[in-house]
Amino acid sequence: MEPDGNRRRVKLLCLCIAFLLLGLSLFVLDPFSLRREEVPPAPVETAKTGEEGTGKILVYVVGAVKNPGVYEIPEGSHFYDAVKAAGDVLPYADMNAVNMAEPVTESMKIYIPLDPYQKDPGARGLVNINTAGQKELETLPGVGKMTAEKIITYREEHGQFNRLEDLKHVPSISDGKYKKLADKITL
């Protein structure tokens, strides 16, 4: 029984040596960063716009406004000022969803939602076929979900409309349908 016992001891010794070598190699090669000290990340430098100290801030105004975009307005301004800078709201803007007296901060995005089903008689206006979303396009007579999607798809593929009559190039906008829309659309 002696030879089997020696074989077991040799196998056990070889196994221990293998584990020891594996442990040492992991420690030396350090693939898991076990010994590495945590180094704080270097501070990220931000681009300077030259606007500091000028009393102006940049805000991004989108949604149901006449001219969505980025605007420079005075510090201490409110939503109302930013919306005025963007040309005011569209006729079907949902003004109940926005606090126009809320102060704005640097780099703020201001979203004015659209309510095409608004019943206010004073909220009648022209729909800009270059900027209108699906819901706004659906407020036009004879324009349902499918036609609104076709207008948006055409606009994405061919760019903005240059003339109102270019709307007739959209599949499903016939001369008759265009005549119904002509006095309710703008560029």
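Two exercises with worked solutions follow, both on a predicted model.

**Exercise 1. Cysteines**

Find how many disulfides the structure holds, and explain the count through Cys14 and Cys16.

Solution.

1. Set the cut-off. A disulfide needs two cysteine sulfur atoms within 2.5 Å.
2. Start from Cys14. Its closest cysteine sulfur belongs to Cys16, at 9.4 Å. That is too far for a bond.
3. Start from Cys16. The closest cysteine sulfur is that of Cys14, again at 9.4 Å. No bond can be assigned here either, because the distance is too great.
4. Give the count. The structure holds zero disulfides.
5. Add the surroundings. Cys14 has a relative accessible area of 47% and is partly exposed. For Cys16 the value is 44%, so Cys16 is partly exposed. The class in between runs from 20% to 50%.

**Exercise 2. The sheet**

Work out the strand order of the open sheet, its edge strands and the pairing of S1 with S2.

Solution.

1. Read the order. Three strands line up as S2-S1-S3 in an open sheet. The pairing is mixed.
2. Pick out the edges. Strand S2 covers 69-74 and strand S3 covers 108-112. Each of these edge strands pairs on one side only.
3. Get the turn between neighbours. On average, neighbouring strands of this sheet are turned by 35 degrees against each other, direction ignored.
4. Recall the bonding. Strands of a sheet pair through backbone hydrogen bonds, either parallel or antiparallel.
5. Apply this to S1 and S2. Strand S1 spans residues 56-63. Six bridges join S1 to S2, and the two run antiparallel.
6. Locate one position. Val61 stands opposite Gly69 in S2.

Key
Residues are numbered from 1 along each chain as its sequence is written. This is a predicted model: local features need pLDDT of at least 70, side-chain atom pairs count only at pLDDT 80 or more; totals for chains, interfaces and linings use all residues. Side-chain values use heavy atoms; hydrogens and water are left out. Buried means under 20% relative accessible area, exposed over 50%, partly exposed in between (1.4 Å probe, protein chains only). Two strands pair if DSSP finds at least two bridges between them. Helices (H or I, at least four residues) and strands (E, at least two) are DSSP runs, numbered from the N terminus. Axes are lines fitted to C-alpha atoms, for helices over the stretch in contact, and angles run from 0 to 180 degrees between N-to-C directions.
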